[in-house]
Amino acid sequence: MVSLIVAGEIGFWVLLALALVVRYVLAWRRASTTLLLLLPVVDLVILGATVADLRGGATADWTHGLAASYVGFSVAYGHRLVTWADAHAAHRLAGGPVPPRPPKYGRERAAYEWRTFGLTLLSCTVTVALIAAVQLLADAPALDSWYRRMALVAGINLLIAASYTVFPKRPKAG
C-alpha cells in the first residue's frame, strides 16, 4: 500500500507538471485541461486499491489509514495546489505575472490562516469519513488511532489560526 500511495503522489505531480507544460509550452489548452481533469483519477485509483486490498482479505493497518489521509488531503488541498502550480508555471513558462504570496501581516494573514484551517478541517473530515467506511468494510480496530491523529492535526491548525487572530503578526518597525 505504501508503494501505491508514493506512486500516486509521484503520479499526481508528474501529471500536473505534464499538464502545465502542455498548456504553457505547447499552448494546447484543451489537452492541458483534459490532463488536469485526470488528477482526481489518482485519488480514485488509491481509493480503489485500498478497497480491493481489504476485500481481498488484507488486515487493515496504518497504510490503509495513510491512503485515506492522502485522499482527504488531496480532496481538500488539491485545488489550492493546482492553482499555485498554475500561477508559477504561467510566470516561469509564459511570462505571466509574479504569483501572489500569502499575506504576511494583520487581518489578511489571519484570514488566510482561517481559510487554511477550513481546508485542514475538510481534509480531516474526509479522512475520518473514509476511515469509518473502511472500518465498516472490514473489521479494522487498528485504524482507530487515525481519529486521534486527525483531531490533533485539526487542533494544531486551529491553534495556529487562532494565534494569528489573537496575536497578529505586524511588520517590523523602521
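Leaving aside neighbours within four places in sequence, which residues is Tyr-70 in contact with?

**View 1. Tyr-70 and the residues around it.** This is a predicted model. Once neighbours within four places in sequence are set aside, Tyr-70 touches Ile-5, Gly-8, Glu-9 and Phe-12, and also Val-42, Asp-43 and Ile-46. Tyr-70 is also among the residues with the most contacts inside the largest nonpolar core, and so is Ile-46 from that contact list.

**View 2. The largest nonpolar core, with its 34 residues.** Besides Tyr-70 and Ile-46, the residues with the most contacts inside this core are Leu-16, Leu-39 and Leu-143. At least two core residues come from each of helix H1 (2-24), helix H2 (29-37), helix H3 (39-55), helix H4 (62-94), helix H5 (106-137) and helix H6 (145-166). In soluble globular proteins, nonpolar side chains tend to be buried together.

**View 3. Phe-12 against Trp-13, an edge-to-face pair.** The structure holds three aromatic pairs, and here's one of them: the rings of Phe-12 and Trp-13 sit 5.3 Å apart, centre to centre, with 90° between their planes. The two partners are covered to different degrees: Phe-12 counts as buried, at 6% relative accessibility, while Trp-13 is partly exposed, with a relative accessible area of 32%. Phe-12 also turns up in View 1, as one of the contacts of Tyr-70.

**View 4. Trp-114 and Phe-117 on helix H5.** Here the ring centres are 5.8 Å apart and the planes are at 90°, so this pair is edge-to-face as well. Why are Trp-114 and Phe-117 separated by about one helical turn? Because they are three residues apart in helix H5. Trp-114 is partly exposed at 35% relative accessibility, and Phe-117, with a relative accessible area of 14%, is buried.

**View 5. Stepping back to the whole protein, with six helices and zero strands.** Read along the sequence, the pattern is simply α-α-α-α-α-α. The C-alpha atoms fill a box of roughly 60 × 50 × 20 Å along the principal axes. Of the 174 residues, 36% count as buried. Take the contacts between residues at least 6 apart in sequence, and 72% of them join residues at least 24 apart. The accessible surface comes to about 10,500 Å², and carbon and sulfur atoms account for 69% of that. As for charge, there are 16 positive and 9 negative ones, and the mean positions of the two sets are 16 Å apart.

Definitions and conventions
Residues numbered from 1 in each chain as written. Predicted model: local features only at pLDDT ≥ 70, side-chain atom pairs only at ≥ 80, totals over all residues. Heavy atoms only, no water. Helix = DSSP H or I, 4+ residues; strand = E, 2+ residues; numbered from the N terminus. Buried < 20%, exposed > 50% of the residue type's maximum accessible area, 1.4 Å probe, protein only. Contact = heavy atoms within 4.5 Å. Areas by Shrake-Rupley, 256 points an atom, 1.4 Å probe, with all protein chains shown as cover. Lys, Arg positive; Asp, Glu negative; His and termini not counted. Charge placed at Lys NZ, Arg CZ, Asp CG, Glu CD. Core = buried A, V, L, I, M, F, W, Y, C linked by side-chain atoms within 4.5 Å. Phe/Tyr/Trp six-rings, centres within 6.5 Å; stacked < 30°, edge-to-face > 60°.
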